[in-house]
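Trainee: Got a minute to go through this one with me? I'd like to talk about helix packing, cavities and backbone oddities.

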Amino acid sequence: MSDLEIARNAQMQPIAELAEAQYGIGAEQLEPYGHYKAKLSLDYIAGLPAAEDGKLILTTAVSPTPAGEGKTTTTVGLGDALNRIGRKTMICLREPSLGPCFGVKGGAAGGGYAQVVPMEDINLHFTGDLHAIGAAHNLLAAMVDNHLTHGNALNLDPRLITWRRVLDMNDRSLRKIVTSLGGTANGFPREGGFDTTAASEVMAIFCLAGSLADLKQRLGSIVVGYTRTERQPVRARDLKAAGAMAVLLRDAFKPNLVQTLENNLALVHGGPFANIAHGCNSVVATRTALKLADYVVTEAGFGADLGAEKFIDIKCRVAGLKPAAAVLVATVRALKYHGGAGLDDLQCENLPALNGGLTNLERHYRTITTHYGLPCVVCINHFTHDSEAEIDGVIRRVEALGGRAIITRHWADGSAGATELARAVVDIADNHTGGHRYVYPEDMPLWRKIEEIAVNVYGAGSVVASTRVRAQIDELDKTCRNFPVCIAKTQMSFSVDMNLRGAPSGHTVEISEVRLAGGAGFIVAVAGNMMTMPGLPKIPAAEKIDLDGDGNICGLF
């Protein structure tokens, strides 16, 4: 059966009954969205006892490939398996974006027999959170243009406006546009553009804020542009926009409670881009889960060089989180791809390609254990065409690193296919007392932070930037030195060239642009040509999505 068919045949239980039975959450603390999904009251979250947090487990992966690695599927399967072996566990995931669902990636609710449900709802409009984030973002954009129209008392330079608009859909034609055409009644014409909603700074703020008060303060700190003469930043609070934006986000800010196919509770909340932002679910959902469960399994977008680094250096630093262990997801076919095999040949045994691609896994493993300071277990996410020789090759290479690799079959068998992984995770998490390490100290100059990430995590030989970009970074360093750095680069390679597979070393990372995310509280350093509004492929997933004669959704993966 397809993922959709499996999800549709799930024996879901009313979410209020599960919340009461598993965590003692009363119905009065839930805001139901139908029978199987609900928002959790912020009053309930604020009243949680100040007990010791559960253990936080990060799921990350090797560098992504077009074949897919199953990181979300593994997160769900591991969470179910931990519950299966008697460990009270909750998973925390990001919300899917409509753009990828109708574009290349498909859904983001897991797969096979390791999914969160109701899958159709989660992958489509869910509880409306992304729409609320888009509305708040675009309200600020409208207030910027309205301010220009009505006198521009803040002396905002139309040429230096940095706040674009967003849309939760992939539409390349909107990347660069001209607004306000048609005469003086429509305002002042200027260049603008659209990003995908997942790339919005409002989304990053939404996922990093610890409370509604913190959310409002961060929204007010958003920089929308700069003044004409002094080049001083103009912020959302200067436009008196933060309050109205917070109003639009008030209900969305409450975490969403759903369930897995095996009826274990899960929090699915927020969904920032893992390039231009930090690629993790919301802080409020993660903190809530840590108060409720003994183990919390979460994920960070893309590979351990992007998502995991930002999870550590941005999310954990901002929220004071202390991960206990990491799971590095790899597939035989992904490693063969990194070893030079073509997409059409990944189902055939190819030990030379596998051995070449294992360099990618090795670097990610060393990054997690050496630079992040976390114990790590490697999950070999099994596919039907994997040969025994290939699997043995991965296991031997990981053992040579001093680690442990475990083959899992949760996609086909649910929690029963990941119990060995669950026991290994419990073992390393319960015996880890050393905390974790950041890649760079908070007070390091911004340029040095970029170098630390590029050299130690990406394996680069040098970092370069134009005189103009270096001057921008030096200027930001005067007021924002303590900000983390969020490097936006291709997820497909350690380098800025998506075609360099495996583990390239000694390459040059060029920083082409730098942006201040004043509300989110980090500096975005764009490496190479990083787009914030993806386009649809030649054959988008949307072509296969339809309603059948009975009104049921089909073709959603």
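Mentor: Sure, let's take the helix pairs, then the cavities, then the backbone. Keep in mind that this is a predicted model.

Trainee: Okay, α8 and α9 then. At what angle do their axes cross?

Mentor: Roughly 150°, and the axes come within 9 Å. Helix α8 covers residues 201-208 and helix α9 covers 212-220.

Trainee: And what does that make them, relative to each other?

Mentor: Roughly antiparallel, because angles over 145 degrees count that way. The crossing of α8 past α9 is right-handed.

Trainee: Which residues make the contact?

Mentor: From α8 you have Val202, Ile205, Phe206 and Leu208. On the α9 side there are Asp214, Leu215, Arg218 and Leu219. Sorted by class, that contact has six nonpolar residues, two charged ones and no polar ones.

Trainee: What about α7 against α8, what's the geometry there?

Mentor: The axes of α7 and α8 come within 9 Å too, and they cross at roughly 120°. That makes α7 oblique to α8. Here α7 passes α8 in a right-handed crossing.

Trainee: Who's touching whom in that pair?

Mentor: Leu130, Ile133, Ala136 and His137 of α7 meet Val202, Met203 and Phe206 of α8. The class count is six nonpolar, one polar and no charged residues. Val202 and Phe206 are worth clicking on, since they are in the contact with α7 and also in the contact with α9.

Trainee: Nice. Further along, how do α14 and α15 pack?

Mentor: Helix α14 (residues 351-371) and helix α15 (residues 388-400) pack at an angle of about 35°, with the axes 10 Å apart. Their crossing is right-handed.

Trainee: Which side chains should I show for that one?

Mentor: For α14, show Leu351, Leu354, Asn355, Leu358, Thr359, Leu361 and Glu362. For α15, pick Ala389, Glu390, Gly393, Val394, Arg397 and Val398. Seven of the contact residues are nonpolar, three are polar and three are charged.

Trainee: Switching topic: how many cavities of 30 Å³ or more are there?

Mentor: Two. The largest holds about 70 Å³ of space, and the second largest has a volume of about 40 Å³.

Trainee: What lines the largest one?

Mentor: The lining residues are Glu95, Pro96, Leu98, Ile122, Leu124, His125, Phe126, Gly128, Asp129, Leu130, His131 and Asp168. Helix α7 (residues 129-149) gives the largest share, three residues. Overall the lining divides into six nonpolar, three polar and three charged residues.

Trainee: Leu130 again! Where did we meet that residue before?

Mentor: In the contact of α7 with α8, where Leu130 is one of the residues on the α7 side. So here Leu130 also lines the largest cavity.

Trainee: And the second largest cavity, what's around that?

Mentor: Trp163, Arg164, Arg165, Ile177, Thr179, Arg190, Gly192 and Gly193. The elements giving two or more residues to that lining are β8 (177-179) and β9 (190-192). By class you get two nonpolar, three polar and three charged residues.

Trainee: Last topic, the backbone. What's unusual about the peptide bond from Val117 to Pro118?

Mentor: That bond is cis, with omega near 5°. Most peptide bonds are trans.

Trainee: Where does Pro118 sit?

Mentor: In the loop between β6 (114-117) and α6 (119-123).

Trainee: And Ser180, what's its phi?

Mentor: Near 65°, a positive value in a residue other than glycine. Most residues other than glycine have a negative phi, which is why a positive one stands out. Ser180 is in the loop between β8 and β9, and those two strands are the ones that contribute to the lining of the second largest cavity with two or more residues.

Methods:
Residues numbered from 1 in each chain as written. Predicted model: local features only at pLDDT ≥ 70, side-chain atom pairs only at ≥ 80, totals over all residues. Heavy atoms only, no water. Axes fitted to C-alpha atoms, helices over the stretch in contact; angles between N-to-C directions. Helix = DSSP H or I, 4+ residues; strand = E, 2+ residues; numbered from the N terminus. Parallel < 35°, antiparallel > 145°, perpendicular 65-115°, else oblique. Left-handed = near helix turned anticlockwise from the far one by under 90°. Contact = heavy atoms within 4.5 Å. Nonpolar A, V, L, I, M, F, W, Y, C, P; charged D, E, K, R; others polar. 1 Å grid on protein atoms, 1.4 Å probe; cavity = no way out; pocket = protein on both sides within 12 Å on 5 of 7 lines; lining within 4 Å. Points joined across faces, edges and corners; volume = space filled by probe spheres on them.
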